[in-house]
Amino acid sequence: MGRRALIFLVFAAVWAGALAQTHYLSHVHVGGHAGVTLSSMSFYPSVKQEMIQGLTAGVSFRYAEERHVGLQAELNIEQSGWKEDYEGLPFKYERQLTYLRLPVMTHIFFGSRVVKFFFNLGPEVSYMLGEKISSNFDYAHASTNPQFPASRRYEQLDLPVSNRFDYGITGGAGVEFVIRRRHCVALEGRYYFGLGNIFPSTKKDYFSASRATSILITLAYKFRLK
């Protein structure tokens with residue numbers, strides 16, 4: 001499926017959720033959440049790597065109807081990036097990217113008044129606030145290091161980020177427990193697939209793809225306003 005078709009389907013899902021929310025009793029929740037991330041980059045040509053662990057936290061607003069469909073928007077701070085896999089060699093390189101992210105998702109839920117299961121799916125836009133590199137060698141001159149493996153790519157190690165804006169698709173599932181009438185806690189697992197490139201991607205550039213991917217596990221508290 002092409003990138004444009006995927007984006008169209010996600011926006012259609014969000015729009016369908018908005019249209020479904022008419023003539024029913026509305027529920028409005030606000031809350032906060034925090035958790036951990038496991039991230040990597042989708043490079044082409046490929047780069048051997050491991051997932052890097054980070055943190056995420058944010059606030060949320062959810063508008064839902066009696067008929068199991070709603071909309072959920074969030075504003076999150078998220079640490080992502082990647083960790084190079086040197087397959088046992090004594091080299092270490094990690095690049096952590098910190099983003100401000102805004103997902104807007106269709107929220108589908110079902111279950112009892114006490115326990116609810118849910119799915120979230122929608123587009124996400126973000127802006128990189130900063131980055132941090134941790135390494136035990138001179139990565140800026142890796143090509144001149146006689147001990148650096150000749151088969152390894154090194155272009156990404158010192159390549160500056162050219163595009164701080166990102167956009168992509170996010171989706172996940174979870175369970176929510178209602179505590180009394182207005183309080184609830186939720187546990188969610190979510191996946192993010194970036195569609196933007198952090199490095200230049202024209203025909204003359206080395207990487208034609210440098211997209212972020214993340215797995216997020218979060219614990220949330222929500223308060224029902226009405």
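These entries record what I looked up in this predicted model.

**Entry 1: strand pairing.** I began with strand β1, residues 26–44. I found that β1 pairs with strand β3, residues 52–65, in the antiparallel sense over 14 bridges. To place this pairing, I looked up V36, whose bridge partner in β3 is L55. I then turned to strand β9, residues 209–224, which also pairs with β1 in the antiparallel sense, over 16 bridges. Here I looked up S42, and its bridge partner in β9 is R211.

**Entry 2: the largest pocket.** I noted a volume of about 480 Å³ for the largest pocket. Its lining consists of 21 residues, of which H27, R113, K116, V178 and R224 are the closest to the centre. I listed the elements that give two or more residues to this lining: β1, β3, β5, β6, β7 and β8, the last spanning 183–194. The largest share, three residues, comes from β3.

**Entry 3: a nonpolar surface patch.** I recorded a nonpolar patch of about 940 Å² on the surface. The residues that make the patch are V59, L75, I77, L100, L102, V104, V125, Y127, L129, F165 and Y167. I checked which strands supply at least two of these residues, and they are β4 (69–84), β5 (93–111), β6 (115–135) and β7 (165–179).

**Entry 4: one residue of the patch.** I chose Y167, which lies in strand β7. Is Y167 buried, partly exposed or exposed? I entered Y167 as partly exposed because its relative accessibility is 36%, and this class lies between the cut-offs of under 20% for buried and over 50% for exposed.

Key:
Residues are numbered from 1 along each chain as its sequence is written. This is a predicted model: local features need pLDDT of at least 70, side-chain atom pairs count only at pLDDT 80 or more; totals for chains, interfaces and linings use all residues. Side-chain values use heavy atoms; hydrogens and water are left out. Patches are made of residues with over 30% relative accessible area and no salt bridge: like charges are joined within 9 Å, nonpolar side chains (Val, Leu, Ile, Met, Phe, Trp, Tyr) within 5 Å. Accessible areas come from the Shrake-Rupley method with a 1.4 Å probe; for residues, only the protein chains shown count as cover. A salt bridge is a side-chain nitrogen of Lys or Arg within 4 Å of a carboxyl oxygen of Asp or Glu. Helices (H or I, at least four residues) and strands (E, at least two) are DSSP runs, numbered from the N terminus. Buried means under 20% relative accessible area, exposed over 50%, partly exposed in between (1.4 Å probe, protein chains only). Two strands pair if DSSP finds at least two bridges between them. On a 1 Å grid over the protein atoms alone, a cavity is a set of points where a 1.4 Å probe fits but cannot get out, and a pocket is an open set with protein on both sides within 12 Å along at least five of seven lines; lining residues have an atom within 4 Å of a point. Grid points are joined across faces, edges and corners, and a volume is the space filled by probe spheres set on the points.
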